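Student: Please take a close look at one part for me, the place where two helices from separate chains meet. Give me the setting too.

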Amino acid sequence: MLVSELVEKHGFKQLSGTDLNRKISNVYSCDLLSWVMAKGKHDTAWITVQTHNNILAVASLLEFACIIIPEGIKVDQEIIDKANEQEVVMLSSDKESFEIFKILYEAGIK
Amino acid sequence: MKKYSRSDENVAMKLHYDVLRDDFSRAGEASSKIKNMLRQLAIDANILRRIAIATYEAEINLVIHSYGGSIDVYIKSDCIEIYVEDSGPGIENVELAMTKGFSTATNIAREMGFGAGMGLPNMEKVSDEFIIESERDKGTNIKMVVNY
């Protein structure tokens, strides 16, 4: 599945970044950054409620496909600007993590 | 056990970054710069990932725990060496600090998702060689080696 499908088919809002042609191969959800550093794989869609700029460092260091902010949590413009600078794709959704997992699972990420 | 010391032999390139205490807004910058530099040198993706984890965790530790410090990266023909040094406060019990899940991070840091007690264990896990020395009121020195 491509990141663009989340935006086009499932109504996720694109907050930052340009490369929506990134493939999603893995999904991970965790808000403890060191856990994510230890477990995150390439091309991961990472679901987190953290919205400070350190999530951008984690996503870019591990070359994640995108960050997904669930439950309509607001992200400050300052962080969106930084995400654009660092070319990190951030999406936002009103859905809860479990609903997001289901979408990705049904799209074939198993 | 090996003692902490810098080895200047056969260094092809050196990188140096200072990291300030409590500078959450810039935390992750040094490790991102290191990664970008190494990527330009066409270092293997798996090695790059291990270096990224090692330097990121070190940088976060400097920000949330130290009075400030530095990260030095020595690029050699057969390995990459990372030296992390700070000016205090030092770790009371290094063995305890190396235990997964143990953390002395503040509530503010924890609310941001730091302080999982996984930093030092992650650093050790991705390193082929890991040396940590700490003295109360003096500071902490860490050497990590990742072989190609």
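Tutor: Buried residues make up 42% of the 110 residues in chain A. A residue is buried if 20 or more other C-beta atoms, placed from the backbone, lie within 10 Å of its own. This is a predicted model: local features need pLDDT of at least 70, side-chain atom pairs count only at pLDDT 80 or more, and totals for chains, interfaces and linings use all residues. Residues are numbered from 1 along each chain as its sequence is written, while chains are lettered from A and ligands numbered from 1 in the order in which they are written.

Chain A has 5 helices and 5 strands. These are DSSP runs, numbered from the N terminus (helices: H or I, at least four residues; strands: E, at least two).

Now the meeting place. Helix α3 of chain A spans residues 54-61, and helix α1 of chain B spans residues 29-40. Their axes come within 10 Å and cross at roughly 20 degrees. Axes are lines fitted to C-alpha atoms, for helices over the stretch in contact, and angles run from 0 to 180 degrees between N-to-C directions. The crossing angle therefore makes α3(A) roughly parallel to α1(B), a label for angles under 35 degrees.

Which residues meet? A:Ala57, A:Ser60 and A:Leu61 in α3(A) meet B:Ser31, B:Ser32 and B:Lys35 in α1(B). Contact requires C-beta atoms, placed from the backbone, within 7 Å. By class, this contact has 2 nonpolar, 3 polar and 1 charged residues. Ala and Leu count as nonpolar, Lys as charged, and Ser falls among the others, as polar.

Note on methods: Parallel < 35°, antiparallel > 145°, perpendicular 65-115°, else oblique. Contact = placed C-beta atoms within 7 Å. Buried ≥ 20, exposed ≤ 12 C-beta atoms within 10 Å, placed from the backbone.
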